[in-house]
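Dear colleague,

I am handing over the structure below, and I would be glad if you could look through it with the notes that follow beside you.

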Amino acid sequence: MGSLNAATTTESGSKMEQFLGDRLLDPTLPISERFRALFSLRNLKGTAPRNALIRATRDTSNLLAHEAAFALGQMQDTEAIPALAAVLNDLSLHPIVRHEAAEALGAIGLESNIPLLKNSLSVDPAEEVRETCELALKRIEQMNAAGTCDDSSTTEKSPFMSVDPAAPAASCSSIDMLREALLDEEKGMYERYAALFALRNHGGEGAVSAIIESLGARSALLKHEVAYVLGQLQNKAASAALSRILKDVNEHPMVRHEAAEALGSIADEQSIALLEEFSKDSEPIVSQSCEVALSMLEYERSGKSFEYLFMQDPLAQA
C-alpha cells in the first residue's frame, strides 16, 4: 500500500509540474495566468520546474523572462547556472533579462560564477547589467568571507524571505548613517544596496522616508531595487513617489515596472486606478506589470491564492 501511495503521489506531482509548465510557456494565455504558474513553479524543486523556468527565460515577454531568471536565483539552483550564463552572455536579450540572470548567478553564489560575471562586467553595453555584475561579484566575495569569519552582517537572513543581492549593513548603523550611504552617488553600488536593505529591515518612518528619497538616484538599477523594497514594505507613504515613477515615460522600464508592482502591494484606491490606466502603456514591461499586479489584487480580495497551490487534480482546472 505504501508503494502504491508513493506512486500515486509521484504521478500527481508530475501532472502538476506538467500543468504548470504548459501554462507558463503558453503565449496565448494572459500574462497574469502565466505568472501564476511561474510563482507556483518557484516553490517546487527538481528537473521539470527548473527546465520550464529555463525555457521561460527566452520568452518573448521580457517581463516573464526576467521573472523566470529571478525565480531561478531565488531557488539557488546550481543546475540552472549554465542556462543563466547563456542568458547573461546573449546580448540580443533585453537588458532587464540579462540583469536578472547576473543577479541570479550572484544569488546562487558559487565561486565558479566569478569569471562569468567578470566577463560581462567588462563587455556588456548596458550599465544596469554591469552594475548588477558588480553587485553579484561583491555578494559572492562576502559569502566566501562569511565562511571564514564571524561577521554576522554577511549571513543575516532577510525577514522578507528573499535572497537579497547584498547583505544589510551593520545593524549598529544609525538611520542617518544609512541614509547618507544610500544617497551618496560616490559610493559603490554594493554599499548603497547594503544601506537600503538595512533601512528596510529597520523599518519606521525615518527609514521609509530615506528609502523614498533615494528614488531620485541616478542609477536605474538602484531605483528599481528601491521600488522593489518599497513594495515589500507596503507603506502608503511611498504611493505618491511610486506614482510619479510609473507616470514618467522617460524613466527606465525596469524602474517603472517595479513601481507598478509596488503600487499593487500598497493597493490603495489611487494606486489601483493608476495601475488600470497604465495597463495600456505602450511599453510591454510596464503594461504587463500593471496587469499582473491587478490580477494578484483580485485574487487576494477574493480570498484565493494567486499561485496554483494545493490542487487535487490540476488537469481538471486547465
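**The pocket and its surroundings**

By class, the lining of the largest pocket consists of 16 nonpolar, eleven polar and ten charged residues. Please keep in mind throughout that this is a predicted model. The volume of this largest pocket comes to about 950 Å³, and among the 37 residues that line it, those closest to its centre are R42, Y228, E261, S265 and M296. Six helices, namely α2, α4, α6 (95-108), α12, α14 (253-266) and α16, each contribute at least two residues to the lining of the largest pocket. Where does the largest pocket lie with respect to domain 1 and domain 2? Because domain 1 (14-146) and domain 2 (202-304) both give residues to its lining, the largest pocket lies between them.

**Aromatic contacts**

A search of the whole structure finds six aromatic pairs, and I describe two of them here. The rings of F39 and F306 have centres 5.7 Å apart and planes at 55°, and because an angle over 60 degrees would be needed for edge-to-face and one under 30 degrees for stacked, the pair is tilted. Since F39 belongs to helix α2 (residues 31-42) and F306 to the segment after α16 (284-301), the pair ties together parts that are 267 residues apart in sequence. F39 is buried, as its relative accessible area is 9%, and F306 also counts as buried, with a relative accessibility of 6%.

The second pair is that of F70 and Y228, which is edge-to-face, with 6.4 Å from centre to centre and 70° between the planes. This pair, too, links distant parts of the chain, given that F70 lies in helix α4 (residues 62-75) and Y228 in helix α12 (residues 220-233), 158 residues apart. How do the partners stand in terms of burial, with F70 buried or exposed? F70 is buried at a relative accessible area of 14%, which falls under the 20% that the term requires, whereas Y228 is partly exposed at 23%. Y228 is also one of the residues closest to the centre of the largest pocket, so that this pair can be read together with the section above when you inspect the region.Beyond the pairs, F35, F39, Y299 and F306 form one aromatic cluster. The charged end of R36, for its part, sits over the ring of Y308, at 4.0 Å from the centre of that ring.

**Backbone angles**

Most residues other than glycine have a negative phi. Against that background, two residues may be worth a look in the model. Q76, which is not a glycine, has a positive phi near 55°; Q76 is found in the loop between α4 and α5 (81-89), where it is partly exposed, with a relative accessible area of 36%. M161 is likewise not a glycine and has a positive phi of about 60°. The loop between α8 (127-146) and α9 (175-183) is the place of M161, and with a relative accessible area of 76% M161 is exposed.

**Residues apart in sequence**

Three further separations, each taken from C-alpha to C-alpha, may help you to find your way around the fold. Q18, in helix α1 (residues 2-24), is partly exposed at a relative accessible area of 49%, and its C-alpha atom is separated by 9.0 Å from that of A52, 34 residues apart along the chain. L221, in helix α12, is buried, with a relative accessible area of 1%; L221 and H99 are 122 residues apart in sequence and 9.0 Å apart in space, C-alpha to C-alpha. Lastly, L196 lies in helix α10 (residues 189-202) and counts as buried at 0% relative accessibility, while the C-alpha atoms of L196 and P168, 28 residues apart in sequence, are 7.3 Å apart in space.

With best regards

Definitions and conventions. Residues numbered from 1 in each chain as written. Predicted model: local features only at pLDDT ≥ 70, side-chain atom pairs only at ≥ 80, totals over all residues. Heavy atoms only, no water. Phe/Tyr/Trp six-rings, centres within 6.5 Å; stacked < 30°, edge-to-face > 60°. Helix = DSSP H or I, 4+ residues; strand = E, 2+ residues; numbered from the N terminus. Buried < 20%, exposed > 50% of the residue type's maximum accessible area, 1.4 Å probe, protein only. Lys NZ or Arg CZ within 6 Å of the ring centre and 35° of its normal. 1 Å grid on protein atoms, 1.4 Å probe; cavity = no way out; pocket = protein on both sides within 12 Å on 5 of 7 lines; lining within 4 Å. Points joined across faces, edges and corners; volume = space filled by probe spheres on them. Nonpolar A, V, L, I, M, F, W, Y, C, P; charged D, E, K, R; others polar. Domains from an automatic or database assignment.
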